[in-house]
Amino acid sequence: MKIVITGSEGFLGRVICHKLSRKDFQIIKLDKKLNYDLTKPASLSGISDFDVLIHLASLSFVPDSFENPSSFYHTNITSTLNAIDLCRKFSAKFIFISSYLYGNPEYLPIDEKHPLKPHNPYAQSKIISENICMAYFRDFGVQYTIFRPFNIFGPGQNHNFLIPQIIQQASRKKIILKDPNPKRDFIFVDDVADAVIRSIKHESSNQRIFNLGYGKSISVNEIANLIQKYCDYNLNITYTHESRKNEVMDTVANIEKARELLDWYPKISVDHGLKTIVEKYL
């Protein structure tokens with residue numbers, strides 16, 4: 001089976017490529033680091049017949065989406081459109097990595113039927129991209145699977161995100177954070193990759209949307225304390241008690257749909273995942 005992966009050199013892309021290479025799939029890597037521009041169809045003109053395309057490539061750091069919204073909309077939507085149009089051309093399956101789109105939740109745990117409440121340009125670009133997936137199935141019969149991962153973490157994540165920021169500060173033995181109270185459902189990058197790989201051949205995933213999370217939430221304060229637990233030196237942890245605008249205080253994913261249709265469940269807890277990261281970097 002031949003699989004195209006956009007964003008192959010990114011955080012999740014590298015893990016998926018590694019796991020697929022061990023399963024004897026033929027992988028075609030598309031990434032800006034490999035001189036592919038997914039916003040330009042001409043950049044993709046050399047791609048030949050394939051079976052599945054996993055679309056990971058996007059701009060993803062939410063604060064940047066407020067600074068340069070037009071870039072986020074253009075890059076994320078146009079790249080999705082060009083990628084799924086390749087699938088139309090070759091009658092291939094499209095696997096789209098979306099995001100947490102539920103805003104301040106009306107109930108916990110959050111299932112896939114929860115109202116979508118995007119509260120930033122990044123999330124809005126993902127909703128538009130999901131709609132493109134549905135339209136291409138309606139109009140051209142392109143099979144798709146959509147994943148909505150909650151908060152992915154693991155070794156090699158961009159330093160802009162929470163856990164890499166804490167690890168970076170922990171290397172200097174002094175951690176300064178804002179609000180200790182927000183809670184998130186963190187899922188280890190390998191577990192996300194396993195769900196994506198399971199969906200490649202699972203026809204039960206076609207035209208489906210799946211939440212991906214661990215099914216439990218953990219606060220910023222608890223994460224900092226766990227990192228302290230696995231450090232062999234004391235950390236000075238302080239909080240400024242600043243709250244972000246429109247802060248979501250808690251998220252918990254309902255992952256029953258993925259369990260039922262993909263026979264998937266997360267194997268790596270936040271505790272174990274943080275231990276792995278601390279051992280690698282501290």
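The following questions and answers go through the strands, helices and backbone of a predicted model.

Trainee: What should I know about this model before I look at single residues?

Mentor: Residues are numbered from 1 along each chain as its sequence is written, and side-chain values use heavy atoms, with hydrogens and water left out. Local features need pLDDT of at least 70 and side-chain atom pairs count only at pLDDT 80 or more, whereas totals for chains, interfaces and linings use all residues, as this is a predicted model.

Trainee: Which strands are the edge strands of the open sheet of six strands?

Mentor: Strands are DSSP runs (E, at least two residues), as helices are (H or I, at least four), and both are numbered from the N terminus. The open sheet has the order β2-β1-β3-β4-β5-β10 with parallel pairing, where two strands pair if DSSP finds at least two bridges between them. Each edge strand pairs on one side only, and these strands are β2 and β10 (208-212).

Trainee: By how many degrees are neighbouring strands of this sheet turned against each other on average?

Mentor: Axes here are lines fitted to C-alpha atoms, for helices over the stretch in contact, and angles run from 0 to 180 degrees between N-to-C directions. For neighbouring strands of this sheet the direction is ignored, and the average turn is 15°.

Trainee: Which residue of β3 is the bridge partner of Thr-6?

Mentor: Strand β1 (residues 2-6) pairs with β3 in the parallel sense over four bridges. On the β3 side, the bridge partner of Thr-6 is His-55.

Trainee: Which residue in β4 does His-55 stand opposite?

Mentor: β3 and β4 run parallel and are joined by four bridges. Within β4, the residue opposite His-55 is Phe-96.

Trainee: Which residues point the other way from Lys-93, Ile-95 and Ile-97 in β4?

Mentor: In a regular strand the side chains alternate between the two faces of the sheet. In β4, five of its five residues are buried, and buried means under 20% relative accessible area, while exposed means over 50% and partly exposed lies in between (1.4 Å probe, protein chains only). Lys-93, Ile-95 and Ile-97 point one way, and the residues pointing the other way are Phe-94 and Phe-96.

Trainee: Which residue in β5 does Phe-94 stand opposite?

Mentor: β4 pairs with strand β5 (residues 144-149) in the parallel sense, over four bridges. In β5, the residue opposite Phe-94 is Tyr-144.

Trainee: Are α3 and α4 roughly parallel or oblique to each other?

Mentor: Helix α3 (residues 69-90) packs against α4 with the axes 9 Å apart and at an angle of about 20°. Angles under 35 degrees count as roughly parallel, over 145 as roughly antiparallel, 65 to 115 as roughly perpendicular and the rest as oblique. The two helices, α3 and α4, are therefore roughly parallel.

Trainee: How many charged residues does the contact of α3 with α4 have?

Mentor: Contact means heavy atoms within 4.5 Å, and the residues that meet include Phe-72 and Asp-85 in α3 and Tyr-122 and Ile-132 in α4. Ala, Val, Leu, Ile, Met, Phe, Trp, Tyr, Cys and Pro count as nonpolar, Asp, Glu, Lys and Arg as charged, and the others, Gly among them, as polar. By class, the contact of α3 with α4 has 13 nonpolar and five polar residues, and the number of charged residues is two.

Trainee: Are α7 and α9 roughly parallel or oblique to each other?

Mentor: The axes of helix α7 (residues 220-230) and helix α9 (residues 270-281) come within 9 Å and cross at roughly 50°. Among the residues making the contact are Ile-223 and Leu-226 of α7 and Val-270 and Leu-274 of α9. With that crossing angle, α7 and α9 are therefore oblique.

Trainee: Is Ser-219 buried or exposed?

Mentor: Ser-219 lies in strand β11 (residues 218-219). Leaving aside its neighbours within four places in sequence, Ser-219 is in contact with Pro-180, Asn-181, Pro-182 and Lys-183. With a relative accessible area of 9%, Ser-219 is buried.

Trainee: Is Asn-35 buried or exposed?

Mentor: Asn-35 is found in the loop between β2 (26-30) and β3 (52-55), and its phi is near 70°, a positive value in a residue other than glycine. At 72% relative accessibility, Asn-35 counts as exposed.

Trainee: Is the peptide bond from Leu-108 to Pro-109 cis or trans?

Mentor: Pro-109 is found in the loop between β4 (93-97) and α4 (121-140). The peptide bond from Leu-108 to Pro-109 has omega near -10° and is cis.
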